[in-house]
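User: I'm new to this one and would like to learn how to read it. Could you walk me through it, feature by feature?

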Amino acid sequence: MEGSKTHSSESMPGDLSEALKEATKEVHEQAESTEFMKNFQRGQVSLQEFKMVMASLYYIYSALEEEIERNKDHPAYIPVYFPAELHRTTALQEDLEYFYGPLWREEISCPESTQKYVNRLHYVGQHEPELLVAHAYTRYLGDLSGGQVLKKIAQKALHLPSTGEGLEFFTFEGVSNATKFKQLYRSRMNSIEMDPATKKRVLEEAKRAFLLNVQVFEELQRFVSQSHENGHPAQQKPELRTR
Ligand code: HEM
């Protein structure tokens, strides 16, 4: 049952893509139902909150894509290496410049939970590269799925221009059909040679990746709630360090 099915775009039971979807079902529900994400889905997101998420995503994708580049020739990553179609760092840089202005690098800071996620990405990329696919799956397939709904919500809630400025992150220029691309991505994941023990570790890592995302949202939510309690909206430069 561990065999790969490179000849078919249909995933089979036992394939990595199916196993990942199944293994992360519960944590996906957890991620969707965080306070931050629930509010976001209701269109309850302020510009300041959105700017904070985008800054966190910038740190996360910079780390993820730095590690992907390091491992682009690793047999456990080659099949899912799609920089032109998927990589988001440049898009996020453009969005941050749109929201924060030309000095955006000096305006943003990396919250603690985001730093924890970044540290894990570097650790995996440098010490356990066979697990990197779990992180790429968690972010990129998510962005190509629910991310498209979130784009429309943000555009409406924040009155962003229909030209897509500020939302480059959600716009995959190199992917004309997200459903087809996801199928291709799944079949490429399924073509990675993997023994059962490694597969198990990849599934665990994907769950961990989801939980790291949940913690990023929870920390942002704590900051938002605190600033509401203090009677003022979220500040541009969050001081999220707790100690
Ligand atoms: C898939 C919605 C948050 C990761 C999906 C799908 C939807 C969705 C509709 C497509 C399901 C399908 O095609 O079968 C949402 C919504 C979210 C959210 C509304 C938040 C409000 C997240 C987060 C992550 C994530 C935070 C991880 C960081 C994924 C992944 C998939 C996915 C990896 C692909 C599953 C697979 O086909 O294997 N999401 N999602 N999602 N989402 Fe989310």
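User: Let's begin with the basics: how many helices and how many strands does the protein have?

Analyst: Keep in mind that this is a predicted model. It has twelve helices and zero strands. Reading along the sequence, you get the pattern α-α-α-α-α-α-α-α-α-α-α-α.

User: How compact is the protein for its length?

Analyst: The trick is to set the radius of gyration beside what the globule rule gives. Here the radius is 18 Å, close to the 18 Å the rule gives for 243 residues, so the protein is as compact as a globular protein of that length. Its C-alpha trace spans about 55 × 40 × 30 Å along the principal axes. Buried residues account for 36% of the 243 residues. And if you take contacts between residues at least 6 apart in sequence, 82% of them join residues at least 24 apart.

User: Now helix packing. At what angle do H4 and H8 pack?

Analyst: Angles under 35 degrees count as roughly parallel. Helix H4 (residues 47–70) and helix H8 (residues 112–127) pack at about 5 degrees, with axes 9 Å apart, which makes the two roughly parallel. H4 brings residues including Tyr59, Ile60 and Leu64 to the contact, while H8 brings Tyr117, Val118 and Leu121, among others. By class, that contact divides into eight nonpolar, four polar and two charged residues.

User: What about H2 and H12: how do their axes cross?

Analyst: Their axes come within 9 Å and cross at roughly 10 degrees, so H2 and H12 are roughly parallel to each other too. On the H2 side you'll find Val27, His28, Gln30 and Ala31, and they meet Lys207, Phe210, Leu211, Asn213 and Val214 in H12. This contact has five nonpolar, three polar and one charged residues.

User: There's a ligand as well. Which residues come nearest to it?

Analyst: With a ligand, look at who surrounds it, then at which elements they belong to. There are 17 residues around this one, and Lys21, Ala31, Gly142, Ser145 and Gly146 come nearest. Ala31 is a residue to remember, as it also belongs to the H2 side of the contact with H12. H1, H2, H3, H9, H10 and H12 each supply at least two residues of the shell, with H9 giving the largest share, five residues. By class, the shell has seven nonpolar, seven polar and three charged residues.

User: Let's zoom in on single residues. Is Glu193 buried or exposed?

Analyst: Count the C-beta neighbours: 12 or fewer means exposed. Glu193 has 9 inside 10 Å, so this residue counts as exposed. You'll find Glu193 in the loop between H11 and H12. Its C-alpha atom is 7.9 Å from that of Pro75, although the two residues are 118 apart along the chain.

User: And what does Lys200 count as?

Analyst: Lys200, which lies in helix H12, counts as partly exposed because it has 13 C-beta neighbours inside 10 Å. Lys200 and Phe82 are also 118 residues apart in sequence, but in space they are 24 Å apart, C-alpha to C-alpha.

User: Last one: what is the phi of His159?

Analyst: Most residues other than glycine have a negative phi. His159 has a phi near 50 degrees, a positive value in a residue that isn't glycine. His159 is placed in the loop between H10 and H11, and with 8 C-beta neighbours inside 10 Å it counts as exposed.

How values were computed. Residues are numbered from 1 along each chain as its sequence is written. This is a predicted model: local features need pLDDT of at least 70, side-chain atom pairs count only at pLDDT 80 or more; totals for chains, interfaces and linings use all residues. Helices (H or I, at least four residues) and strands (E, at least two) are DSSP runs, numbered from the N terminus. A residue is buried if 20 or more other C-beta atoms lie within 10 Å of its own, exposed if 12 or fewer, and partly exposed in between; C-beta atoms are placed from the backbone. A residue is near a molecule or strand if its C-beta atom, placed from the backbone, lies within 6 Å of it. Ala, Val, Leu, Ile, Met, Phe, Trp, Tyr, Cys and Pro count as nonpolar, Asp, Glu, Lys and Arg as charged, and the others, Gly among them, as polar. Axes are lines fitted to C-alpha atoms, for helices over the stretch in contact, and angles run from 0 to 180 degrees between N-to-C directions. Angles under 35 degrees count as roughly parallel, over 145 as roughly antiparallel, 65 to 115 as roughly perpendicular and the rest as oblique. Two residues are in contact if their C-beta atoms, placed from the backbone, lie within 7 Å. The radius of gyration is taken over C-alpha atoms; the globule rule is 2.2 Å times the number of residues to the power 0.38.
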